Amino acid sequence: MPERPVLVSACLAGVPCRYDGRAKPDPGVVADVEAGRAVPACAEVLGDMGTPRPAAEIVGGDGHDVLDGAATVRTVDGEDVTAGFVRGAERVADLAAQHGVTRAVLQARSPSCGCGRIYDGTHSGALTDGDGVVAALLARRGIDVVPLRGTSAG
């Protein structure tokens, strides 16, 4: 039986999809995608948010709170972009299901992909405990979600 692919943040695979229009390629993740061992996805792009886009952070909690309607995602200018983040997370989770993904390796600190630690919603660079929106939804769907560590998604 073939090994199930790992879902990875598209920016780690070299796709220029971050809020600032850049990528954050990790050589191991890039190699895993090229070898077919990983599936790249960007929830913010899949949520129709465009690239580049204003920086955004979760205000009032973390991704679990966003999914429960108790927190919002706001740009540095205060625009509420929660709907795009939730829509993108749902599309990533659907993609993961289509590929039989059971593990995701995601970009740290992101309001979408962060797992364990995210920016605190003040746009000051401070961190707080919590998960991003897509990390929270994937975890709710039974997918093992971890931040990138080392040099390979596998």
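Visitor: Hi! Which residues lie nearest the centre of the largest pocket?
Guide: Happy to help! In this predicted model, R18, Y19, S110, P111 and Y119 lie nearest the centre of that pocket. They belong to a lining of 28 residues.

Visitor: How do the lining residues divide into nonpolar, polar and charged?
Guide: The lining of the largest pocket has 15 nonpolar residues, 7 polar ones and 6 charged ones.

Visitor: And how much space lies in there?
Guide: The largest pocket holds about 470 Å³.

Visitor: Which helix and which strand each supply at least two residues of that lining?
Guide: Helix 2 (43-46) does, and strand 3 (56-59) does too.

Visitor: Okay, switching to the sheet. What is the strand order?
Guide: The order is 2-1-5-8, in an open sheet of 4 strands with parallel pairing.

Visitor: Why is one side of strand 2 and of strand 8 left without a neighbour in the sheet?
Guide: Strand 2 (38-41) and strand 8 (144-147) are at the edges, and each has a single partner strand, so one side of each has no neighbour there.

Visitor: How much are neighbouring strands turned against each other?
Guide: On average by 25°, with direction ignored.

Visitor: What about strands 1 and 5, how many bridges do they pair over?
Guide: Strand 1 (residues 6-9) and strand 5 (residues 103-106) pair over 2 bridges, in the parallel sense. If you want a residue to look at, V8 has V105 in strand 5 as its bridge partner.

Visitor: Nice. Which strands does helix 5 touch?
Guide: Helix 5 (residues 133-140) packs on the sheet and touches strand 1, strand 5 and strand 8. The direction of helix 5 makes about 170° with that of strand 5.

Key:
Residues numbered from 1 in each chain as written. Predicted model: local features only at pLDDT ≥ 70, side-chain atom pairs only at ≥ 80, totals over all residues. Heavy atoms only, no water. Pairing = 2+ DSSP bridges. Axes fitted to C-alpha atoms, helices over the stretch in contact; angles between N-to-C directions. Contact = heavy atoms within 4.5 Å. 1 Å grid on protein atoms, 1.4 Å probe; cavity = no way out; pocket = protein on both sides within 12 Å on 5 of 7 lines; lining within 4 Å. Points joined across faces, edges and corners; volume = space filled by probe spheres on them. Nonpolar A, V, L, I, M, F, W, Y, C, P; charged D, E, K, R; others polar.
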